[in-house]
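Trainee: I am new to this structure. Please pick one residue, look at it closely, and then work outward to the parts around it.

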Amino acid sequence: MPTITVIGAGMAGCSLGYLLDQKGYDVTIVEKDQIGGLLREIEFDSGYHCDSAPHLLFYDEEEEAIVGELFSEFTDLAEHEFYAATYPRGDLSDPHHYPVSKANIDKWDDADQIRDELDAAPGKKPEKFFEDYMLNQVGPTLYERYNKHYTKKHWGIDPQRITGDWFDFKISFPESEQEFFGGSADYPDDKYTDILEEMVSGCEVVFDGAVGLETEGSTIRALRTESGERIESDLFVSTIDPSILVDTEETLNYRSMIIHGMHVKASERLFPDHVDWGYFPNHYEFTRITDYEFTPQSIPDDEYILTIEFPCFLDDDIWSKPKEWFDQYMMDFFEEQGIEASLVASEARRAPRAYPLPVTEEIEKFERINGELSSYENMFNLGRVSTYEYIWIKDIVQQAYETADEISEKVDILA
Ligand SMILES: Cc1cc2nc3c(=O)[nH]c(=O)nc-3n(C[C@H](O)[C@H](O)[C@H](O)COP(=O)(O)OP(=O)(O)OC[C@H]3O[C@@H](n4cnc5c(N)ncnc54)[C@H](O)[C@@H]3O)c2cc1C
């Protein structure tokens with residue numbers, strides 16, 4: 001049987017590693033940090049845990065049934081109706097529906113003008129850029145209040161430059177309050193890290209960082225690692241930034257994120273009872289706060305497990321701020337909102353390369369670099385970082401099945 005080296009032990013590397021191991025291949029996974037990638041939980045000293053920002057399993061139970069089937073091999077899945085709110089005035093006592101609904105309009109003094117703008121707007125139609133797509137649907141006032149600043153804060157890019165095919169999936173404009181993404185989602189009974197560790201229990205996992213490739217013509221002979229090792233293999237799969245592996249002067253830009261996990265005692269819940277997280281399209285440095293009441297652990301009534309998401313680039317000041325800075329920022333926020341809170345435990349989790357940038361020049365740069373990597377006949381790639389696509393767990397699971405099939409075909413050709 002051929003040997004296969006998979007680089008990265010996030011959702012992409014672990015699900016593919018599992019499928020290849022099931023097919024009887026000899027699989028080595030090379031991971032520079034810990035198993036789990038973006039799915040690795042924050043574990044508090046207080047004994048509680050939460051996701052690094054909420055990770056829900058959205059998938060179509062008919063067309064994407066394979067996603068539920070794979071997870072069900074490792075855990076029970078519970079269905080949950082997730083609701084979100086948005087706080088355009090930055091005031092927790094003034095929640096608006098998210099997805100942004102037409103009913104939100106009544107919360108504004110200039111509701112008549114907003115309705116006139118809506119009547120004049122051409123409606124939902126395909127557009128290349130995010131700003132045009134939104135303006136067509138909601139007109140200038142709603143766009144400004146709910147989307148423009150939030151989008152700028154999330155991506156760190158002028159929304160006029162943002163492109164992609166994710167708008168339709170992410171943005172809807174219902175009449176009234178609607179579940180997040182318009183339907184219920186699954187959430188696993190076990191931690192993602194435990195699930196992923198079980199997936200790769202039949203693979204060899206090497207904790208080392210990949211730094212480059214040793215090649216001969218159009219074939220990769222070995223992976224070079226930070227500790228100076230050479231890992232030889234017949235086939236290679238990358239789930240990481242391709243610019244790390246090829247010889248290039250160019251670097252790929254991603255949006256990164258500090259996910260600040262907090263266990264707090266507080267005088268009240270931040271959101272209405274049925275709401276799981278809130279968006280902040282205003283002056284706060286964070287974009288979203290999540291309350292992990294929905295996770296299968298019993299949290300005392302006056303205590304809350306939260307994550308707060310601070311998007312940034314790796315050279316922004318905020319990336320290197322200590323945990324205490326985020327603690328203080330949030331304690332000030334609670335005070336401003338009239339909530340009495342005390343900190344039980346916290347962790348500032350750094351998530352580099354959390355989002356590929358949806359900007360034409362960056363996508364073209366990715367295509368140049370990735371073109372070089374995929375010109376090697378024994379290299380495959382999948383996952384969010386490596387394909388530079390804004391994709392979800394469900395997409396990655398499907399990519400893992402497709403890549404496992406492509407690898408089997410390749411093995412048959414080589415045999
Ligand atoms: C804030 C946020 C919220 C999200 N919410 C959801 C959600 O609700 N539902 C959903 O379906 N999806 C969600 N996602 C998307 C989901 O997290 C990702 O699609 C998925 O986890 C990506 O998995 P991956 O394996 O492609 O990448 P990663 O998880 O980034 O894994 C890559 C791995 O490679 C390792 N690595 C990097 N460089 C090297 C190197 N040089 N050598 C060796 N190893 C290396 C990393 O340490 C990491 O373990 C969310 C993402 C974010 C950022």
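Mentor: Start with Ala 53, which is buried, as 20 other C-beta atoms lie within 10 Å. The term buried means 20 or more other C-beta atoms within 10 Å of the residue's own; exposed means 12 or fewer, partly exposed is in between, and C-beta atoms are placed from the backbone. The model is predicted, so local features need pLDDT of at least 70 and side-chain atom pairs count only at pLDDT 80 or more, while totals for chains, interfaces and linings use all residues. Numbering starts from 1 along each chain as its sequence is written.

Ala 53 sits in the loop between strand E4 (49–50) and helix H2 (65–72). Helices (H or I, at least four residues) and strands (E, at least two) are DSSP runs, numbered from the N terminus. The phi of Ala 53 is positive, near 75 degrees, in a residue other than glycine. The loop between E4 and H2 also holds Glu 61, which counts as exposed because it has 12 C-beta neighbours inside 10 Å. From Glu 61 to Thr 225 the C-alpha atoms are 40 Å apart, with their positions 164 residues apart in sequence.

Now the ligand. Ala 53 is one of the residues that come nearest among the 36 around the ligand, the others being Gly 8, Gly 10, Gly 37 and Gly 383. A residue is near a molecule or strand when its C-beta atom, placed from the backbone, lies within 6 Å of it. The shell around the ligand is made of 22 nonpolar, eight polar and six charged residues. In that count Ala, Val, Leu, Ile, Met, Phe, Trp, Tyr, Cys and Pro are nonpolar, Asp, Glu, Lys and Arg are charged, and the others, Gly among them, are polar. At least two shell residues come from each of helix H1 (11–22), strand E2 (26–31), strand E18 (341–356), helix H9 (384–387) and helix H10 (393–414).

Between H9 and H10 is a loop that contains Tyr 388. Tyr 388 also has a positive phi without being glycine, near 55 degrees, and it is buried, with 25 other C-beta atoms within 10 Å.

H1 has twelve residues, and its first and last C-alpha atoms are 16 Å apart, close to the 16 Å expected at 1.5 Å a residue; the expected span is 1.5 Å times one less than the number of residues. Eleven of the twelve residues of H1 are buried, including Met 11, Gly 13 and Leu 16. These buried residues pack against strand E1 (3–7), E2, H2, helix H6 (192–199), strand E13 (235–238) and H10, where contact means C-beta atoms, placed from the backbone, within 7 Å. After H1 comes Gly 24, with a positive phi near 95 degrees.

E13 leads to other strands. In a regular strand the side chains alternate between the two faces of the sheet. In E13, Leu 235 and Val 237 on one side and Phe 236 and Ser 238 on the other are all buried, so both faces are covered. E13 pairs with E1 in the parallel sense over four bridges; strands pair if DSSP finds at least two bridges between them. Ile 4 is opposite Leu 235 in that pair. E13 also pairs in the parallel sense with strand E19 (residues 379–381), over three bridges, and there Ser 238 is opposite Asn 381.

E18, which supplies shell residues, belongs to an open sheet of seven strands, ordered E7-E6-E15-E16-E17-E14-E18, with mixed pairing. E7 and E18 are its edge strands, each pairing on one side only. The twist averages 25 degrees from one strand to the next, with axes fitted as lines to C-alpha atoms, for helices over the stretch in contact, and angles taken from 0 to 180 degrees between N-to-C directions. E18 is joined to strand E14 (residues 254–266) by twelve bridges and runs antiparallel to it, with His 263 opposite Ala 345. Helix H7 (residues 323–336) lies across E14, strand E17 (303–312) and E18, at about 115 degrees to E18.

At the other edge, the loop between strand E7 (96–98) and helix H3 (111–120) contains Pro 99. The peptide bond from Tyr 98 to Pro 99 is cis, with omega near 5 degrees.

Methods
Contact = placed C-beta atoms within 7 Å.
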